Amino acid sequence: MGKRSWAFDSGVRVLGCAAVSGPKEGEGQLKDVLDHVYPDLYAGEDTWEKAEKKMMEDAVSIAVEKAGLQTDQVDLFLAGDLLNQNITASFTARTHSIPYIGMFGACSASMLTLATGTVLVESGFCDTVVTAVSSHNATAERQYRYPTEYGGQKPDSAQWTVTGAGAGVLGKGQAGPVIRYATIGKVVDMGLKNPFDMGSAMAPAAAETIQTHFEDTGLKPDDYDLIVTGDLAKVGHPIAADLLKEKGYTLGERFQDCGLMIFTPEQEAFSGGSGCASSAIVTYGRIIDDMLQGTLERVMVVATGALMNPVSYQQGESIPCIAHAVTLEGRGNV
């Protein structure tokens, strides 16, 4: 549809999903909808990287079980994370022995995998696809900034990488939210270079994708109960709202951000949550639960991602960003 959007008509649904998290996230606003909360950042493992793998493995197992399936009944595994060479996703695929395609979209990977998986089921190339993403505060700090042991100070514009994983099982069934539309983002680079202000860098990409979605589909903000970005947090979310208002789209209270829906105001999380797990645990935890309960009918999740690494910003490159959007509808839930 239009420039960059897909419409799905065959009733591809989220047949089962799971959201797991670390202890800080488990004490926040999602504590009642998470499938599992680990008592510490190690999740019973001896390194943080192994802990992140454990979280994705568990999220996949729980989601597949909730869909009433076994992992050997899954045709394809689409997954991504923030570590070099997508090692969390790759090692999880090794554990579950599911045919695997690794996908990197930084923090936008939750909707990138969901949109791509829906295409494969809609087209008939796959009957069942599992999508998953993860992030971990301690692994991300070591990957992108400084090890936590260093104790580096951060400005208020920085964000707290969410520790957790989310997974969804896609297929054609009778129950579960229907995936109706997807809008694939394009890279937007406003020339910003501050790795401690991802919200400002990603906000224009989110606004551009949302605007394109409305133009492509003919839908309006009022057609949605909720439009939620992935991890713009306190700094980037109002920027995105202002950019959309300049284009004639006033989203109002229906416009929220996953990075602001995880931690309570009393928890210290700088400007809010970030990471692949930010949009994943909100979507696969809170949003789909609300849709199954009937309190939400149509939701657009716009996962945002900064496509940089330490080498790029150390060499003076600006931060290119992207946002992918997926629309879920609650029609026909049983």
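**Figure 1. Arg286 and its salt-bridge partner in helix H8.** Arg286 is partly exposed in this predicted model, as its relative accessible area is 22%. Buried would mean under 20% and exposed over 50%, so a residue in between is called partly exposed. Look along the side chain and you will find Asp290, with which Arg286 forms a salt bridge. The closest N and O atoms of Arg286 and Asp290 are 3.9 Å apart, and a salt bridge is counted within 4 Å. Both residues belong to helix H8, which runs from 276 to 293. Because Arg286 and Asp290 are four residues apart there, about one helical turn separates them. Asp290 itself is buried, with a relative accessible area of 18%.

**Figure 2. A salt bridge within helix H2.** Here the view moves to Glu57 and Lys53, whose side chains meet in a salt bridge at 3.1 Å, N to O. Helix H2 (residues 48-66) holds both of them, four residues apart, or about one turn of the helix. Which of these two is buried? Glu57 counts as buried at 11% relative accessible area, and Lys53 is buried too, at 17% relative accessibility.

**Figure 3. Asp9 and Arg180 link parts distant in sequence.** In this close-up, Asp9 and Arg180 form a salt bridge, and their closest N and O atoms lie 3.1 Å apart. Asp9 sits in the loop between strand S1 (5-7) and strand S2 (12-21), while Arg180 is in strand S9 (residues 178-183), so the pair ties together parts that are 171 residues apart in sequence. The two ends of this bridge have their own surroundings: Asp9 counts as exposed, with 59% relative accessibility, whereas Arg180 counts as buried, at 17%.

**Figure 4. The whole protein, for orientation.** To place the close-ups, step back to the full chain, where nine helices and 14 strands are found. How many salt bridges does a search of the whole structure find? The search gives ten, and the pairs shown above are among them. The radius of gyration is 18 Å, which agrees with the value near 20 Å that a compact globule of 334 residues would have. The C-alpha trace spans about 50 × 50 × 35 Å along its principal axes. Of the 334 residues, 61% count as buried. Among contacts between residues at least 6 apart in sequence, 79% join residues at least 24 apart. Carbon and sulfur atoms account for 49% of the accessible surface, which comes to about 13100 Å². As for charge, there are 25 positive and 41 negative charges, and their mean positions are 3 Å apart.

Technical notes:
Residues numbered from 1 in each chain as written. Predicted model: local features only at pLDDT ≥ 70, side-chain atom pairs only at ≥ 80, totals over all residues. Heavy atoms only, no water. Helix = DSSP H or I, 4+ residues; strand = E, 2+ residues; numbered from the N terminus. Rg over C-alpha atoms; globule rule 2.2 N^0.38 Å. Buried < 20%, exposed > 50% of the residue type's maximum accessible area, 1.4 Å probe, protein only. Contact = heavy atoms within 4.5 Å. Areas by Shrake-Rupley, 256 points an atom, 1.4 Å probe, with all protein chains shown as cover. Lys, Arg positive; Asp, Glu negative; His and termini not counted. Charge placed at Lys NZ, Arg CZ, Asp CG, Glu CD.
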